[in-house]
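Work through the following exercises with the model open beside you, and try each task before reading its solution.

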Amino acid sequence: MDNNTYVVIMAGGIGSRFWPFSRTNYPKQFHDVLGTGESMLQMTAKRFQDICPPENVFVVTNRDYEHLVKEQLPHLSKNQILLEPIGRNTAPCIAYASYKIAQLNPQAQLVVTPSDHVVLKQEVFTHVIKEAVQAASQDDVLITLGITPSRPDTGYGYIQYISDATQNIKKVKTFTEKPNLELARMFVDSGEFVWNSGIFIWSAKSILRAFHQYLPEIAEIFDEGANFLNTPQEQNFITRAYSHCRNVSIDYGIMEKVDNVYVLLADIGWSDLGTWNSLYTINEKDQNGNVVDGEVILYDTKDCIIKTPKERLVVLQGLEDYIVAEYDNVLMICKKSEEQKVKEFMADAKSKKGPEYI
């Protein structure tokens, strides 16, 4: 285990595509989505127990979720929980964590990961991460894990790499964030592209160098206040800093522009669990193709995903290819093929019933 390896878990998102299960006051990363007895955040932190010491795990989240992080990861010190005043996408989030950790250890190697992804092949994952960390410690490279695409999904970034059978870590040729459907189809059909998993590995020095070159306005903000990090003045500085940071993703702000991006192809049993359909895909089905989490009696129902409170008995008849989801006084019944309307449903619920319903 390497004391210079640090893990940054990004846990500030709302997960609106998982409404009504994922809500503003209790987003999906704090839920036991898979029925394992652990939340997505807890599973993510556990994933790195053989990669770095527990004191080297940092969680970046919204200030509103501080109590949830403390409750679910009670071993974290106050300094390991980084609180964002507002969401500004992934670039400011990563800048905050990178500057803070670099202040603690200039030789740090960082693994940056979302808090709401699934990895089914733990041993392979550990090996892949250690290989990437080793490469990042030796060269000025920004590495992402690449996943072989199973469909033309517009929700992921796509990476085209230079094929080299002699190297596991391959030079990236193009990096495209969330293309339209036509482009996504072209990417998948070509066989030359992989999905960007959103898991990044780099040294603190390399990512700070990239911020200075490609997002200098964010680098300038954090350069000026770096000495406040890991001190009692940190939160006041972060409040000011975020008020000046623009909303920009690390993909668009840096990864699409730099020339030292590499991808490590990783068959780790990965899913980002971004949608109800993705949860349906990775779960075990009953003999009729249903994924059920709750007290449910089914008649003539197949290929559905049903997630309802354990204390409520639900009886369904005659449904095919539906999402049935209930949480905190909201019940949604929606065709699986039309789940892209979930955000529209959420907006209508807010306008008709109030913000407590989102």
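The exercises below concern a predicted model, and each task is followed by a stepwise solution.

**Exercise 1. A strand and its surroundings**

Determine whether the residues of strand β1 are buried or exposed, and establish which strands pair with β1.

Solution. Begin with accessibility, for which the cut-off is needed: a residue counts as buried under 20% relative accessible area. By this criterion 6 of the 6 residues of β1 (residues 5-10) are buried, so the strand is largely enclosed by the rest of the structure. Next, consider the side-chain directions: T5, V7 and I9 point one way from β1, while Y6, V8 and M10 point the other way. This fits a general rule, since in a regular strand the side chains alternate between the two faces of the sheet. Finally, look for the partners. Strand β4 (residues 109-114) pairs with β1 in the parallel sense over 6 bridges, and P114 in β4 is the bridge partner of M10. Strand β2 (residues 57-62) also runs parallel to β1, to which it is joined by 4 bridges, with F58 of β2 standing opposite V8.

**Exercise 2. The setting of one methionine**

Describe where M40 is found, and state which residues it touches beyond four places away in sequence.

Solution. First locate the residue: M40 is part of helix α1, which covers residues 40-47. Then compare its relative accessible area of 1% with the cut-off of 20%; M40 is therefore buried. The contacts, leaving aside residues up to four places away in sequence, are K28, Q29, H31, V33, S115, D116, H117, V118 and L273.

**Exercise 3. An open sheet and its edges**

Give the strand order of the open sheet of 4 strands, and explain why two of its strands stand at the edges.

Solution. Start from the order, which is β12-β14-β16-β17, with mixed pairing. Each of β12 (291-293) and β17 (330-335) has a single partner strand, so one side of each is left without a neighbour in the sheet, and these are the edge strands. Neighbouring strands of this sheet are turned by 5° against each other on average, direction ignored. For the pairing at one edge, β12 and β14 (residues 305-307) run parallel and are joined by 3 bridges, and D293 stands opposite K307 in β14.

**Exercise 4. A nonpolar patch**

Identify the residues that make the nonpolar surface patch of about 390 Å², and the strands that supply them.

Solution. The patch is made by I297, Y299, L313 and V315, and β13 (295-299) and β15 (313-317) each supply at least two of its residues. Taking one member, I297 lies in strand β13 and is partly exposed, with a relative accessible area of 35%.

Key. Residues are numbered from 1 along each chain as its sequence is written. This is a predicted model: local features need pLDDT of at least 70, side-chain atom pairs count only at pLDDT 80 or more; totals for chains, interfaces and linings use all residues. Side-chain values use heavy atoms; hydrogens and water are left out. Buried means under 20% relative accessible area, exposed over 50%, partly exposed in between (1.4 Å probe, protein chains only). Contact means heavy atoms within 4.5 Å. Two strands pair if DSSP finds at least two bridges between them. Axes are lines fitted to C-alpha atoms, for helices over the stretch in contact, and angles run from 0 to 180 degrees between N-to-C directions. Patches are made of residues with over 30% relative accessible area and no salt bridge: like charges are joined within 9 Å, nonpolar side chains (Val, Leu, Ile, Met, Phe, Trp, Tyr) within 5 Å. Accessible areas come from the Shrake-Rupley method with a 1.4 Å probe; for residues, only the protein chains shown count as cover. A salt bridge is a side-chain nitrogen of Lys or Arg within 4 Å of a carboxyl oxygen of Asp or Glu.
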